[in-house]
Amino acid sequence: MTDKRICRLTYAKNPFVRYSSADFLFINYYGRGGVSAYRYRIDDNPAGEFQLTKSYDNDEVSVYNYNSQLSEATRLIVQGMTVLRKGFEHDIDLTGLKQARAQMAEECGLDPIPTFNIPPRPSSLSQ
C-alpha cells in the first residue's frame with residue numbers, strides 16, 4: 001500500500017489504450033477475449049518476438065516506455081491473438097505522447113523517465 005499518486009492518460013482515438021504514470025502503455029482486452037500473445041514494433045524498427053501472457057495477466061497488452069522510446073516515437077504497431085484465437089492489430093499514433101507525459105508528470109509529480117545504458121542486442125543476421 002502506498003500514498004503515491006497514480007495517473008493515467010487515455011488515448012482519444014481508442015478508450016482501450018491508456019498510458020500510466022508507471023510509464024507503461026496498456027491496451028485493455030478485458031471482456032474482449034483476453035490476450036494470449038502479442039508483439040509490437042516502434043516506428044520502423046523491427047518487431048519484437050511474440051510475448052506469451054500468463055493466465056492471470058491476459059487482460060491487457062503492456063509496453064514499457066524503455067529509455068523514452070515511446071515518447072520519442074510517432075507510431076506503435078501491436079499485433080497479437082486473443083485467448084479466443086482471434087487476431088488483432090493496432091496502429092497507434094504516438095504524436096503528442098511526449099507532451100502529454102510531461103503534463104502528466106507536472107500535474108502528478110512524476111520523476112523523469114529513467115534512462116538505462118544497455119547495449120543493443122547484436123543482430124542475428126551475419127554478413
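## A loop residue to start from

Arginine 32 sits in the loop between strand 3 and strand 4. The model is a predicted one. Arginine 32 is partly exposed, with a relative accessible area of 29%. Leaving out residues up to four places away in sequence, arginine 32 touches Phe16, Ile27 and Thr82.

A further pairing spans a long stretch of chain. Arginine 32 and leucine 84 are 52 residues apart along the chain. Their C-alpha atoms are separated by 9.1 Å.

## The overall plan

The protein has 2 helices and 8 strands. Along the sequence they follow the pattern β-β-β-β-β-β-α-β-β-α. The protein has 127 residues, and 34% of them count as buried.

How much of the contact comes from residues 24 or more positions apart? Among contacts with a separation of 6 or more, such residues account for 57%.

## The sheet 1-2-3-6

One open sheet has 4 strands in the order 1-2-3-6, with antiparallel pairing. Strand 1 (8-10) and strand 6 (60-64) stand at its edges. Each has a single partner strand, so one side of each is left without a neighbour in the sheet. On average, neighbouring strands of this sheet are turned by 20° against each other, direction ignored. Strands of a sheet pair through backbone hydrogen bonds, either parallel or antiparallel.

Strand 3 (residues 24-28) pairs with strand 6 over 5 bridges, in the antiparallel sense. Asparagine 28 stands opposite glutamate 60 of strand 6. Phenylalanine 24 stands opposite tyrosine 64, also in strand 6. Strand 6 has two faces: Val61 and Val63 form the covered one, while Glu60, Ser62 and Tyr64 form the uncovered one.

## The sheet 5-4-7-8

A second open sheet of 4 strands has the order 5-4-7-8, again with antiparallel pairing. Strand 5 (51-52) and strand 8 are the edge strands. Each has a single partner strand, so one side of each lacks a neighbour in the sheet.

Strand 7 and strand 8 run antiparallel and are joined by 7 bridges. Within this pairing, glycine 80 has phenylalanine 88 of strand 8 as its bridge partner.

## The nonpolar core

Which residues touch the most other members of the largest nonpolar core? They are Leu25, Ile27, Val61, Leu70, Leu76 and Leu94, out of 23 residues in that core. Several elements give two or more residues to this core: strand 2, strand 3, strand 4 (35-42), strand 6, strand 7 (75-82), strand 8 (87-93) and helix 2. Helix 2 gives the most, with 4 residues. In soluble globular proteins, nonpolar side chains tend to be buried together.

Isoleucine 27 shows how the chain comes together here. Leaving aside neighbours within four places in sequence, isoleucine 27 is in contact with Phe16, Val17, Arg32, Asp59, Glu60, Val61, Val78, His90 and Ile92. Arginine 32, the loop residue met at the start, is one of these contacts.

## Helix 2 and its two sides

Helix 2 (residues 97-108) lies across strand 1 and strand 2 (17-20). The helix runs at about 145° to strand 1. At 1.5 Å a residue, its 12 residues should span 16 Å. The end C-alpha atoms are 16 Å apart, which agrees.

Which residues of helix 2 are buried? They are Leu97, Arg101, Met104, Ala105 and Cys108. They cover an arc of only 100° around the axis, which puts them on the same side of helix 2. An α-helix has 3.6 residues a turn, so residues three or four places apart point the same way. The cover over the buried residues of helix 2 includes strand 1, strand 2 and helix 1 (69-72). On the other side of helix 2, Gln99, Glu106 and Glu107 are exposed.

## A buried arginine and the helix end

Arginine 101 lies in helix 2. Is this residue buried or exposed? Arginine 101 is buried, with a relative accessible area of 6%; the cut-off for buried is under 20%. Arginine 101 and arginine 8 are 93 residues apart along the chain, and their C-alpha atoms are separated by 9.4 Å.

Glycine 109 follows helix 2. Its phi is positive, near 70°.

Definitions and conventions:
Residues are numbered from 1 along each chain as its sequence is written. This is a predicted model: local features need pLDDT of at least 70, side-chain atom pairs count only at pLDDT 80 or more; totals for chains, interfaces and linings use all residues. Side-chain values use heavy atoms; hydrogens and water are left out. Two strands pair if DSSP finds at least two bridges between them. Axes are lines fitted to C-alpha atoms, for helices over the stretch in contact, and angles run from 0 to 180 degrees between N-to-C directions. Contact means heavy atoms within 4.5 Å. A nonpolar core is a set of buried Ala, Val, Leu, Ile, Met, Phe, Trp, Tyr and Cys residues joined through side-chain atoms within 4.5 Å. Buried means under 20% relative accessible area, exposed over 50%, partly exposed in between (1.4 Å probe, protein chains only). The expected span of a helix is 1.5 Å times one less than its number of residues. The arc is that of the directions from the helix axis to the C-beta atoms.
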